[in-house]
Amino acid sequence: MSQEMTISREDYLKAIIEAESEGHTVIPALLAQWLKVSAPAVTKAVKRLREDGYLEAGREGALKLTAKGREAAHHTALRHHLVERMLSEMFGMEWHQIHTEAERLEHAISPAFEAKLIEKLGKDGDCPHGNKVLPETPDQIKRRGLVALSEAQQATDYVVASLYERDSRLLEFLHKLGIGPKITVRVLERNYDDTMLVATPNGPVTLGQSASGRVWVRLKTGDKPKQHRNY
């Protein structure tokens with residue numbers, strides 16, 4: 001890219017593609033919430049991003065990335081992805097700690113180091129959380145053959161294939177429960193309050209909807225979902 005970007009700009013642009021993938025209409029108030037910054041700071045940043053050609057505002061203040069802005073956001077997402085894989089595959093860092101560390105390091109990657117990481121790791125592999133380079137919508141994740149744990153059938157073995165990684169507290173919570181990438185899980189029981197009892201290698205644990213809806217699983221090879229009969 002011809003124009004060097006500051007860290008804050010990169011964060012704003014990447015936050016927009018992440019919010020879009022979750023179906024949000026991106027407005028300044030949402031960015032303030034996601035990035036944990038003040039409303040005046042967002043207003044100032046958005047003004048500058050529009051002036052520099054990265055953003056445009058639509059009706060009712062909805063923010064859209066220009067082609068230039070989307071290219072920059074994708075580039076930042078790629079660097080984040082490469083750093084996560086480097087920390088995991090080359091340094092053996094724990095999966096539940098990697099996202100936060102990569103958020104810090106992604107801004108420090110030089111073009112030369114980025115090229116070396118691409119040469120070593122490639123661009124197409126999944127990150128340690130089972131995610132692609134760019135944020136995916138739920139429909140895109142389902143097209144990969146995955147289902148949210150919250151929708152998984154009972155008495156059927158699944159393997160954890162993808163985790164929502166933007167929430168570091170969620171990752172730590174799942175790690176403590178023994179739920180992580182490539183772990184086999186099975187829904188044992190669904191409760192009236194929308195919680196579920198899930199079997200893990202560490203024993204049964206209880207998950208609420210907010211957590212189980214952000215764990216994506218794949219049917220374990222050789223297992224088949226139970227067929228419901230109509231009488």
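Begin by selecting the largest nonpolar core of this predicted model, which has 22 residues, and colour Leu 13, Leu 31, Leu 55 and Leu 65, the members that touch the most others. Then show the elements behind this core as ribbons: H1, H2, helix H3 (39–51), strand E2 (63–65) and H4 each give two or more residues to it. H1 deserves its own colour, since the largest share of the core, six residues, comes from that helix.

Next, zoom out to the whole chain, where nine helices and eight strands can be traced. The C-alpha trace spans about 65 × 45 × 30 Å along its principal axes, and of the 231 residues of the chain, 40% count as buried.

Keep H1 on display and turn to the largest pocket, which holds about 710 Å³ of space. Its lining is made of 23 residues, and those to select for centring the view are Trp 34, Leu 35, Lys 36, Glu 103 and Arg 166, which are the closest to the pocket centre. Helix H1 (7–21), helix H2 (28–35) and helix H5 (95–105) are the elements that give two or more residues to this lining, and H1 gives the most, with seven residues. If the lining of the largest pocket is coloured by class, seven nonpolar, seven polar and nine charged residues should appear.

Stay with Lys 36, one of the residues closest to the centre of that pocket, and follow the backbone through the loop between H2 and H3, where this lysine lies. Its phi is positive, about 55 degrees, although Lys 36 is not a glycine. Most residues other than glycine have a negative phi. Is Lys 36 buried or exposed? With a relative accessibility of 75%, Lys 36 counts as exposed, because the cut-off for that class is over 50%.

A second residue invites the same inspection of the backbone: select Asp 194, in the loop between strand E5 (184–190) and strand E6 (196–200). Here too phi is positive in a residue other than glycine, with a value near 70 degrees. Asp 194 has a relative accessibility of 53% and therefore counts as exposed.

Now move to the second largest pocket, with about 610 Å³ of space. Of the 29 residues in its lining, Ser 21, Glu 22, Pro 135, Glu 136 and Tyr 164 are the closest to its centre and make a convenient selection. The elements to show around this pocket include H1, helix H4 (67–90), helix H7 (138–142) and strand E4 (157–163), each of which supplies at least two residues of the lining. Sorted by class, the lining of the second largest pocket has eleven nonpolar, eight polar and ten charged residues.

From Tyr 164, among the residues closest to the centre of the second largest pocket, display the side chain of Arg 214, which lies over the face of the Tyr 164 ring at 4.1 Å from the ring centre. A further contact of a charge with a ring can be found by selecting Lys 68 and Tyr 54, where the charged end of the lysine sits over the tyrosine ring, 4.5 Å from its centre.

To finish with the rings, how many aromatic pairs does a search of the whole structure find? The search finds zero, so a viewer looking for ring-to-ring pairs should bear in mind the cut-off applied, which requires ring centres within 6.5 Å.

Key:
Residues numbered from 1 in each chain as written. Predicted model: local features only at pLDDT ≥ 70, side-chain atom pairs only at ≥ 80, totals over all residues. Heavy atoms only, no water. Phe/Tyr/Trp six-rings, centres within 6.5 Å; stacked < 30°, edge-to-face > 60°. Lys NZ or Arg CZ within 6 Å of the ring centre and 35° of its normal. 1 Å grid on protein atoms, 1.4 Å probe; cavity = no way out; pocket = protein on both sides within 12 Å on 5 of 7 lines; lining within 4 Å. Points joined across faces, edges and corners; volume = space filled by probe spheres on them. Helix = DSSP H or I, 4+ residues; strand = E, 2+ residues; numbered from the N terminus. Nonpolar A, V, L, I, M, F, W, Y, C, P; charged D, E, K, R; others polar. Core = buried A, V, L, I, M, F, W, Y, C linked by side-chain atoms within 4.5 Å. Buried < 20%, exposed > 50% of the residue type's maximum accessible area, 1.4 Å probe, protein only.
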